[in-house]
Amino acid sequence: AVAPASLQTLVRVSPHPDNRLLRVLIDGEQFARSSDTQLDGADAAKHHFFRWKSLPPGTYSIVATVYGPLGVREQSQSNFEVIGDTEDALRRP
């Protein structure tokens, strides 16, 4: 993506009676946010969309974690990079 980037991601959660919370964290050098979504066990929605706007250049990770009564049930991580505009890239050493 090219800065300032907008990112939308889909997190799929496998139904399970112990699912209680979905936490999605986006973490980069100049930007970090997290979002919590309550889950109602096996009856919770399977698809959850998250959107971030105006991401600055940098390397990012997105971590999606599903929690149950005993702690972490599932976790997934993805990485991506947002690059600066062409003029910024040419000025870098």
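Is S54 buried or exposed? S54 is exposed, because its relative accessible area of 52% passes the cut-off of over 50%. The close-ups below start with this residue and then move on through a predicted model.

**View 1. S54, a residue with a positive phi.** Here we zoom in on S54, which sits in strand β4, residues 47-55. Its phi is near 60 degrees, and that is a positive value in a residue other than glycine.

**View 2. The open sheet and its four strands.** Read across the sheet and you meet the strands in the order β3-β2-β5-β6, with antiparallel pairing. Strands of a sheet can pair either parallel or antiparallel, through backbone hydrogen bonds. At the edges are β3 (32-38) and β6 (71-82), each with pairing on one side only. As for how neighbouring strands line up, they are turned by 10 degrees against each other on average, direction ignored.

**View 3. The hairpin from β5 to β6.** Which two strands does this hairpin join? They are β5 and β6, and the link between them is two residues. Strand β5 covers residues 58-68, and its antiparallel pairing with β6 runs over 11 bridges. Two spots are handy for finding your way along the pair. One is G68, whose bridge partner in β6 is G71. The other is I62, which stands opposite S78 in β6.

**View 4. The largest nonpolar core.** This core has 19 residues. Looking for the ones with the most contacts inside it? Those are L22, V24, I26, W52 and L55. Several strands chip in: β1, β2 (21-28), β4, β5 and β6 each supply at least two residues. The largest share, four residues, comes from β5.

**View 5. V24 and the residues it touches.** V24 is one of the core residues with the most contacts inside the core, so this view stays with V24 and its neighbours. Leaving out residues up to four places away in sequence, V24 touches V11, R33, S34, S35, F50, W52, I62, V63 and A64. Two of these names have come up already: W52 is on the list of core residues with the most contacts, and I62 is the residue opposite S78.

**View 6. A cis peptide bond at A3 and P4.** Finally, go back to the segment before β1 (5-12), where P4 lies. A cis peptide bond joins A3 and P4. What is its omega? The value is about -5 degrees.

Methods
Residues numbered from 1 in each chain as written. Predicted model: local features only at pLDDT ≥ 70, side-chain atom pairs only at ≥ 80, totals over all residues. Heavy atoms only, no water. Pairing = 2+ DSSP bridges. Axes fitted to C-alpha atoms, helices over the stretch in contact; angles between N-to-C directions. Buried < 20%, exposed > 50% of the residue type's maximum accessible area, 1.4 Å probe, protein only. Core = buried A, V, L, I, M, F, W, Y, C linked by side-chain atoms within 4.5 Å. Contact = heavy atoms within 4.5 Å.
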